[in-house]
Each structure stands twice: as C-alpha cells, then as structure tokens.
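Visitor: I should like to go through the charged pairs and the nonpolar core of this model. May we begin with the charged pairs?

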Amino acid sequence: FCQIVTGSYCGVVGTGRDRKVVNSIKGPDLINTPLAFYQKIGSSLEDLDDFSNDFLAETVGVDAELSELPYPASIVLYFALRWKMSVGLAPYSNDEVNRTFKAFYWRNVLANRYDQGFLTQFSADLKDLDRIIADAHSEFGKSSWISKINSSLDAIFGIDNPAKTVNEIRDNLLSEETRGALRQLYLLKIKSLTKHDIVDGGNLDWSTVTSSEKVQLHHIFPRDWCANNSASHPIIEECGANCLANLTPLKANTNNKWKANSPSTAISNLNLSFQNNGLAFDGAFIDATAFSYLEKNNISEFWKRRADLLANKIQIMQNVN
C-alpha cells in the first residue's frame with residue numbers, strides 16, 4: 001500500500017519531505033513521501049478500489065489474489081497513471097491507460113524483465129508509459145494510435161527484450177520447469193479464459209464457498225497415470241506431468257468423477273462428447289482435434305495441440321490490438 005501511495009506521488013510531484021527527491025518506490029522514498037499525501041490517498045480509497053477492479057478486469061481478465069499476480073508491485077505503475085489522470089494532470093482516458101498498460105504488462109512478464117532491479121526501473125517505466133500515452137492521445141480512436149503505441153512499446157523494451165514468439169511461449173507451456181512470474185501469468189490466462197467446467201458444462205465460480213463447487217486447477221492426464229505410463233510416452237518425462245498444457249480448472253465434484261482415470265476412460269464413463277459440450281472444451285483450449293487426441297489417450301499430440309492453442313492466444317497479448 002505504501003508503494004502505491006509513493007508511486008502515485010511520483011507521477012504528480014517530484015520532491016518530498018525536506019525537499020528530498022522522490023522518484024522510486026524504495027524504502028527511503030516511502031518515508032519521504034509527505035504525510036499529507038498519504039492522508040489524501042487514504043481519503044480516496046474508493047478511487048483505488050476502482051483502479052484495482054479495472055486492473056483485474058482489463059489487464060488480467062479475472063479476479064485474483066495479490067499472491068497470484070506476477071510482479072505484483074508492478075501494478076503500482078497502473079495506479080500511478082490512473083491517479084495522475086484522476087486529479088486532472090493527464091490528458092488521456094481510462095481506455096488509453098488500460099489498453100496500453102495491458103500490452104506493457106504482458107510483454108514485461110513474458111520477457112522476465114522485472115526478475116531483478118524492478119525498484120530501480122520503476123521511475124523510468126512510469127515516465128515512459130506516461131509519455132507514450134500522452135503523446136499518442138491526439139490519435140486515439142484511429143488505427144494510427146495502435147501502431148504508435150506498439151512502436152513506442154518496442155522502443156521501451158528495446159532489442160534486449162523482443163516480443164516472445166508463439167514457439168517460445170509454446171515451449172514454456174510444455175515444460176513443468178516454467179516457474180515464477182511466467183508460470184503465474186500463464187495460470188492466470190488459463191483461469192481467465194476457462195469459464196465452464198469441461199465435465200458438466202456448468203459455470204466456474206472461483207469465489208464460491210460451496211465445497212462441491214470449489215474450483216481448482218487439476219491435471220487432465222492425472223499424475224498417477226503419467227507416472228505409470230511414462231515408459232510408453234516419452235513426452236511425459238520430457239515435459240513433466242505438471243506442465244501447463246496439462247492443467248485445467250475443474251470443480252471439486254467433477255474432479256472427483258474424473259479422478260485418476262485416463263482421459264479416454266473418463267470420457268467414456270462420463271458419456272462426454274465434444275458435440276454436446278463444445279463450448280466448455282473450446283474455452284479450456286481443447287478444440288475438436290485436441291478432444292480426439294484425448295479420446296485415444298494420445299498425450300503427446302494432445303499436449304502439443306493444447307500448448308499451441310494457448311500460445312497463439314497469449315502471444316497477441318504483447319501488443320495493443
């Protein structure tokens with residue numbers, strides 16, 4: 001919270017207590033942020049609540065706990081931009097901020113750019129984001145605005161952090177060694193886009209308190225099945241049962257029905273078909289082709305197909321579209 005206050009202060013004022021420069025969200029800057037500004041933010045919590053809701057809806061696409069967010073402190077950049085706008089010191093709109101920051105955030109995490117030195121990078125990124133959104137403001141609503149923002153983002157990231165390709169993302173999804181911020185980002189994407197349970201087709205409600213309806217990420221090819229069949233399916237050893245291509249949200253009661261069965265057995269026992277539940281399967285990145293692989297327990301082709309579907313969806317998040 002103190003970082004959000006100081007980050008917002010950085011966006012509108014440059015000096016703090018005793019005329020000390022405040023230009024980051026490191027410890028000394030938190031202390032040098034004037035008490036009056038802390039109080040001002042404290043009396044504007046409804047605004048911060050709106051910022052939080054918009055960030056989750058527009059950038060992440062789903063409600064999430066702070067611990068689920070990759071580089072959680074980077075959302076301070078978003079709060080700082082929105083605060084500057086809310087006090088009338090920026091010309092741009094919510095939509096301009098949301099669309100630009102979304103592309104920045106996804107590209108930033110995919111590049112692992114904040115693994116080190118984020119607190120030092122914060123000030124430069126805040127200034128750059130504020131500048132590129134303001135500079136492009138007059139063209140908002142035109143196709144030229146999109147190309148200008150994307151070119152400006154290319155300049156921020158530079159040649160050292162090019163946008164990730166579909167193949168690079170696909171490789172991440174096919175490895176259980178994908179850890180940290182990257183894994184968190186991919187899990188959020190799976191969570192945000194999968195709206196229906198693939199077994200009963202019902203809506204997934206992540207906030208429910210009903211035990212049978214509670215939603216968690218589960219293995220499509222169960223871990224026990226993978227352990228017992230790794231000799232005949234080399235991809236299991238290569239990628240690992242915990243690879244992201246093998247995970248999908250399921251409600252507790254439907255996960256109990258799937259249990260440790262192979263997909264072909266579960267599909268047969270539960271009388272599942274793609275035709276009868278295509279919306280749910282498509283939403284879980286299991287198209288008709290992928291479903292046909294599931295019916296045959298063709299784990300290699302299924303994981304590759306699903307990773308490809310996910311990768312193509314994620315790759316475009318790196319640009320304003």
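Visitor: Is Lys148 buried, partly exposed or exposed in this predicted model?
Guide: The model is predicted, and local features are taken where pLDDT is at least 70. The relative accessibility of Lys148 is 31%. Buried requires under 20% and exposed over 50%, so Lys148 counts as partly exposed.

Visitor: Which residue meets the side chain of Lys148 in a salt bridge?
Guide: A salt bridge needs a side-chain nitrogen of Lys or Arg within 4 Å of a carboxyl oxygen of Asp or Glu. Here the N to O distance is 3.4 Å. The partner has a relative accessible area of 21% and is therefore partly exposed. The partner of Lys148 is Glu139.

Visitor: How many residues apart are Asp154 and Arg107, which form a salt bridge?
Guide: The closest N and O atoms of Asp154 and Arg107 are 2.6 Å apart. Asp154 belongs to helix H8 (residues 143-157), and Arg107 to helix H6 (residues 94-110). The pair links distant parts of the chain, and its separation is 47 residues.

Visitor: Of these two partners, which counts as buried?
Guide: The cut-off for buried is under 20% relative accessible area. Asp154, at 38% relative accessibility, is therefore partly exposed. At 4% relative accessibility, the buried partner is Arg107.

Visitor: Where does Asp287, the salt-bridge partner of Arg305, lie?
Guide: The closest N and O atoms of Arg305 and Asp287 are 2.4 Å apart. Arg305 is in helix H17 (residues 299-315), 18 residues from Asp287. Asp287 itself lies in the loop between helix H15 (274-283) and helix H16 (288-295).

Visitor: Is Asp287 buried or exposed?
Guide: Arg305 has a relative accessible area of 29%, so Arg305 is partly exposed. For Asp287 the value is 13%. As buried means under 20%, Asp287 is buried.

Visitor: Which residues do salt bridges that share partners join into one network?
Guide: The structure holds eleven salt bridges. Some of these share partners and form one network. Its members are Asp200, Glu213 and Lys251.

Visitor: Which helix gives the most to the largest nonpolar core?
Guide: The largest nonpolar core has 95 residues, and those with the most contacts inside it include Phe55, Phe221 and Ile286. Nine of the core residues come from one helix, spanning residues 75-86. That helix is H5.

Visitor: Which Arg is in contact with Ile286, leaving aside neighbours within four places in sequence?
Guide: Among the contacts of Ile286 are Ile198, Ile220, Phe274 and Leu309. The list also holds a charged residue, Arg306.

Technical notes. Residues are numbered from 1 along each chain as its sequence is written. This is a predicted model: local features need pLDDT of at least 70, side-chain atom pairs count only at pLDDT 80 or more; totals for chains, interfaces and linings use all residues. Side-chain values use heavy atoms; hydrogens and water are left out. A nonpolar core is a set of buried Ala, Val, Leu, Ile, Met, Phe, Trp, Tyr and Cys residues joined through side-chain atoms within 4.5 Å. Buried means under 20% relative accessible area, exposed over 50%, partly exposed in between (1.4 Å probe, protein chains only). Helices (H or I, at least four residues) and strands (E, at least two) are DSSP runs, numbered from the N terminus. Contact means heavy atoms within 4.5 Å.
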